[in-house]
Amino acid sequence: MSDTTDRDPEFAFELRVCRWAERAWHPDGPRPAIVARQLGTRNRRWDTVVIEVDPDAFAARHALSADGFDSDLLRVVRHAPAEWQWYRDAIPEPDFPWRHVVPAVHRAAGRGVVEKRRGSRNRVEYKQVAPYPDWVERIVAIENKPNLDASAARALADQLEHDVSRALADEVWVATEATGRRVEPALLEDLPMEVGILAVDGDAADVLWHPSKLTPDPADARQRLVLAERAYDRGWRAYLDTMRPDCRHFELSRRGMALVPRCAAKECYQSQRECAHSCTDFEPEPPIWRTNGWPIEGGPGKGLRQILESRRERARKRVFEKRRTHDD
Ligand code: SF4
């Protein structure tokens, strides 16, 4: 059974790293942060992304909307003026025709994050309901490799070199499973020296190597904010969207402090790829589970979603609580 072996498969390990980061970020001392997974740019996708936040500004961001803003909405909301203004006077000129901005103004108004009206000469005017706060402090990328042997390190080295030279994140780490050996093998591998190394052991993580601070280009500010908004929107528990929680064999199993998908039919922590429409062992959840026979209304597929969503909301609230502790 793969869940009783020493090392988790990569997907389960990744979820454990996300959960650890959510509870215990940063290794040098607590910093309020939110966590997401499988995010990045068109050219590079990171396993785990930690967004360190200013807790007051994060509370203001959350008050504005519990959902993230895509790049079009972000343009509108971020530049929303305090007083009524024609949208073209408020927003910096985009590198595409202005007419494509108008639908985003309507969308933002539909979501209640700005107000809009027809002004003089029938122009679309809008204003903020609250200022868009400066909530993102730092962005950290973590690559997860539970079994960081020489060949895994070689495969990773080029990507990590790219992350360091591109400097879209402020800090880059590799997380690997602790082996308990006197010298962790990860330390002996040939990784860029700017990249930190974490050894994850159960629910804890030790720093084997501290990362260098990178210096993001100010020209990347908008791209970094779009990334942070996607992290805020998706979190790290959105994996159910691409799996089969409606299968009767799908379970969420406790792995330390993390809940990790487990397949009762295959008796393992299944990957996202195998728990898909192509799975030949798929069996739909029995209709009775969708009725009052199941403790959570709507059947287990829906119930599991609710569990994960409420965990995510609790994690967000803990970031605000750090603000209150700080105020006291
Ligand atoms: S049987 Fe297939 S679809 Fe069902 S939980 Fe297992 S891996 Fe997922």
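## Terms and overall form

Helices and strands are named here as DSSP runs, a helix having at least four residues and a strand at least two, and both are numbered from the N terminus. The structure described is a predicted model.

The secondary structure of the protein comprises nine helices and eleven strands. Its radius of gyration is 22 Å, close to the 20 Å that the globule rule gives for 328 residues, so the protein is as compact as a globular protein of that length. The C-alpha trace spans about 70 × 55 × 45 Å along its principal axes.

## Domains

Three domains are given by the domain assignment. Domain 1 is made up of residues 8–54 together with 135–234, while domain 2 covers 68–128 and domain 3 covers 238–327.

The centres of domain 1 and domain 2, taken over C-alpha atoms, are separated by 35 Å. Contact between these two domains involves six residues of domain 1 and four residues of domain 2. On the domain 1 side of this contact, the residues divide into three nonpolar and three charged, with no polar residue among them.

## The sheet of six strands

Strands of a sheet pair through backbone hydrogen bonds, in either the parallel or the antiparallel sense. One open sheet of the model consists of six strands in the order S1-S2-S6-S7-S8-S9, with mixed pairing. Strand S1 (33–40) and strand S9 (204–209) occupy the edges; each has a single partner strand, so one side of each is left without a neighbour in the sheet. From one strand to the next, the twist averages 30°.

At the S9 edge, strand S8 (residues 196–201) pairs with S9 in the antiparallel sense over five bridges. Within this part of the sheet, Asp201 stands opposite Ala204 in S9. Helix H6 (residues 150–166) lies across strand S6 (136–144) and strand S7 (171–177), and its direction makes about 155° with that of S7.

## Backbone features around S1

Two features of the backbone concern strand S1 and the loop that leads to it. The peptide bond from Trp25 to His26 is cis, with omega near 10°. His26 is placed in the loop between helix H1 (10–24) and S1.

Gln38 belongs to strand S1 itself. Its phi is near 55°, a positive value in a residue other than glycine.

## The sheet of three strands

Another open sheet has three strands in the order S3-S5-S4, and its pairing is antiparallel. Strand S3 (85–86) and strand S4 (114–118) are the edge strands, each pairing on one side only. Two bridges join S3 to strand S5 (residues 124–128) in the antiparallel sense. Gln85 stands opposite Tyr126 in S5.

Helix H5 (residues 102–110) packs on this sheet, where it touches S4 and S5. The direction of H5 makes about 120° with that of S4.

## Surroundings of the ligand

The ligand has 13 residues around it. Those that come nearest are Cys247, Cys263, Cys275, Cys279 and Asp281. By class, the shell around the ligand contains seven nonpolar, two polar and four charged residues.

Methods: Residues are numbered from 1 along each chain as its sequence is written. This is a predicted model: local features need pLDDT of at least 70, side-chain atom pairs count only at pLDDT 80 or more; totals for chains, interfaces and linings use all residues. Two strands pair if DSSP finds at least two bridges between them. Two residues are in contact if their C-beta atoms, placed from the backbone, lie within 7 Å. Axes are lines fitted to C-alpha atoms, for helices over the stretch in contact, and angles run from 0 to 180 degrees between N-to-C directions. Domain bounds come from an automatic or database domain assignment. Ala, Val, Leu, Ile, Met, Phe, Trp, Tyr, Cys and Pro count as nonpolar, Asp, Glu, Lys and Arg as charged, and the others, Gly among them, as polar. A residue is near a molecule or strand if its C-beta atom, placed from the backbone, lies within 6 Å of it. The radius of gyration is taken over C-alpha atoms; the globule rule is 2.2 Å times the number of residues to the power 0.38.
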